[in-house]
Amino acid sequence: MSFQIAIDGPAGAGKSTVAKAVAQKLGYLYVDTGAMYRAIGLYFLDHSLDTENEETVSKGTEGADVTLQIINGTQHVFLNGEDVTERVRTEKAGMMASRISALAPVREKLVRMQQEIAGKNDVVMDGRDIGTVVLPDAPLKVYLTASVEARAERRCLELKTKGQEADLREIEEDIRKRDRQDMTRKISPLRQAEDAVLLDSSCLDAAQVTERIVSLAKERRIRA
């Protein structure tokens with residue numbers, strides 16, 4: 001029987017970094033659900049699709065084929081056969097992902113895909129509703145968060161490391177806007193599952209959070 005670790009939380013809390021590290025340490029499959037939504041978001045952006053039009057949304061969702069592949073030990077995201085691993089990390093892709101993730105056709109399609117993967121493998125999944133909707137029966141659920149200020153500083157540093165310009169105040173405002181979108185959407189809003197372990201990473205580094213989750217996973221697996 002497969003074992004699932006569900007990691008939820010707001011944008012910039014370090015979910016993807018930690019989830020990848022946990023999966024590597026435990027030998028589990030990492031499923032980047034956020035990248036899957038970002039990929040569909042890219043499809044909507046590239047084709048200038050109206051997210052307010054129900055028919056357009058349905059057709060757009062059907063036309064976007066998202067797959068994940070491990071290449072040289074790294075997970076790559078493909079949109080209709082094109083490797084969009086780098087493009088899904090842009091701010092525009094992130095904002096569009098937050099918008100389209102509230103649309104029923106998009107969520108239904110990706111939730112089915114994610115549940116199928118989890119049913120066949122020991123997985124670590126991170127996102128906004130993994131513990132509440134995608135894997136409600138996961139043996140280990142974690143809600144990973146951090147202050148807006150801490151998340152903005154991390155994002156700012158990440159962009160500067162890549163040689164890109166970054167405005168801390170602008171990033172903070174983007175994060176607050178993203179949080180509002182994620183927490184107030186009608187379908188599967190971001191929230192902590194009742195049985196999730198709350199971890200605040202504001203004053204913790206990725207290695208410390210990773211070790212905490214790995215320890216919890218080992219404890220839960222022994223009990224299972």
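Which residue with a positive phi follows helix 7? In this predicted model, that residue is Gly163, with phi near 80°. The close-ups below begin with the helix that leads into Gly163 and then move around the structure.

**View 1. Helix 7 and what packs over it.** Helix 7 takes in residues 148-161, which makes 14 residues. From its first C-alpha to its last the helix reaches 20 Å, close to the 20 Å expected at 1.5 Å a residue. Look for the buried set here: Val148, Ala150, Arg151, Ala152, Arg155, Cys156 and Leu159. Helix 4 (91-100) and helix 8 (168-184) are among the elements that cover these buried residues. Just past the helix sits Gly163 with its positive phi.

**View 2. Arg155 reaches across to Glu91.** Arg155 and Glu91 form a salt bridge, and their closest N and O atoms are 2.5 Å apart. Arg155 belongs to helix 7 and Glu91 to helix 4, so this is a link between distant parts of the chain, 64 residues apart. How buried or exposed are the two partners? Arg155 has 17% relative accessibility and falls under the 20% cut-off, so Arg155 counts as buried. Glu91, at 38% relative accessibility, counts as partly exposed. Zoom out a little and the pair turns out to be part of a salt-bridge network that links Glu91, Arg155, Glu158 and Lys162.

**View 3. Helix 8 meets helix 7 through Arg176 and Glu149.** Here the side chains of Arg176 and Glu149 come together in a salt bridge, 3.5 Å from N to O. Arg176 lies in helix 8 and Glu149 in helix 7, so the contact ties together parts that are 27 residues apart in sequence. Arg176 is partly exposed, with a relative accessible area of 31%. Glu149 is partly exposed too, with a relative accessible area of 37%.

**View 4. A salt bridge within helix 3.** The structure holds 17 salt bridges, and this one joins Lys59 to Glu55, with the closest N and O atoms 3.2 Å apart. Both residues lie in helix 3 (residues 54-63), and they are four residues apart, about one turn of the helix. An α-helix has 3.6 residues a turn, so residues three or four places apart point the same way. Lys59 is exposed, and Glu55 is exposed as well.

**View 5. The open sheet of strands 3, 4 and 5, with helix 2 across it.** Three strands make up this open sheet, in the order 3-4-5, and they pair in the antiparallel sense. Strand 3 (66-71) and strand 5 (82-83) are the edge strands, each pairing on one side only. Six bridges hold the antiparallel pairing of strand 3 with strand 4 (residues 74-79). To find your place in the ladder, start at Gln69: its bridge partner in strand 4 is His76. Helix 2 (residues 33-46) lies across strand 3 and strand 4, and runs at about 30° to strand 4.

**View 6. The aromatic pair, Phe3 and Tyr28.** A search of the whole structure turns up one aromatic pair. Phe3 and Tyr28 form it, and the pair is tilted: the ring centres are 6.2 Å apart, with 55° between the planes. The two rings come from distant parts of the chain, 25 residues apart. Phe3 is in the segment before strand 1 (4-8), while Tyr28 is in the loop between helix 1 (15-26) and strand 2 (29-32). Both Phe3 and Tyr28 are buried.

**View 7. Strand 8 alongside strand 7.** Strand 7 (residues 140-145) and strand 8 run parallel, joined by four bridges. One pair to pick out is Tyr143 with its bridge partner in strand 8, Leu198. In strand 8 (residues 197-200) the side chains alternate. Val197 and Leu199 point to one face and are buried, whereas Leu198 and Asp200 point to the other and are not buried.

**View 8. Thr210 tucked away in helix 9.** Thr210 sits in helix 9 (residues 206-223). With 3% relative accessibility, Thr210 counts as buried. What does Thr210 contact, leaving aside its neighbours within four places in sequence? The contacts are Val18, Ala21, Val22 and Lys25.

How values were computed: Residues numbered from 1 in each chain as written. Predicted model: local features only at pLDDT ≥ 70, side-chain atom pairs only at ≥ 80, totals over all residues. Heavy atoms only, no water. Pairing = 2+ DSSP bridges. Helix = DSSP H or I, 4+ residues; strand = E, 2+ residues; numbered from the N terminus. Contact = heavy atoms within 4.5 Å. Axes fitted to C-alpha atoms, helices over the stretch in contact; angles between N-to-C directions. Phe/Tyr/Trp six-rings, centres within 6.5 Å; stacked < 30°, edge-to-face > 60°. Buried < 20%, exposed > 50% of the residue type's maximum accessible area, 1.4 Å probe, protein only. Expected span 1.5 Å × (residues − 1). Salt bridge = Lys/Arg side-chain N within 4 Å of Asp/Glu carboxyl O.
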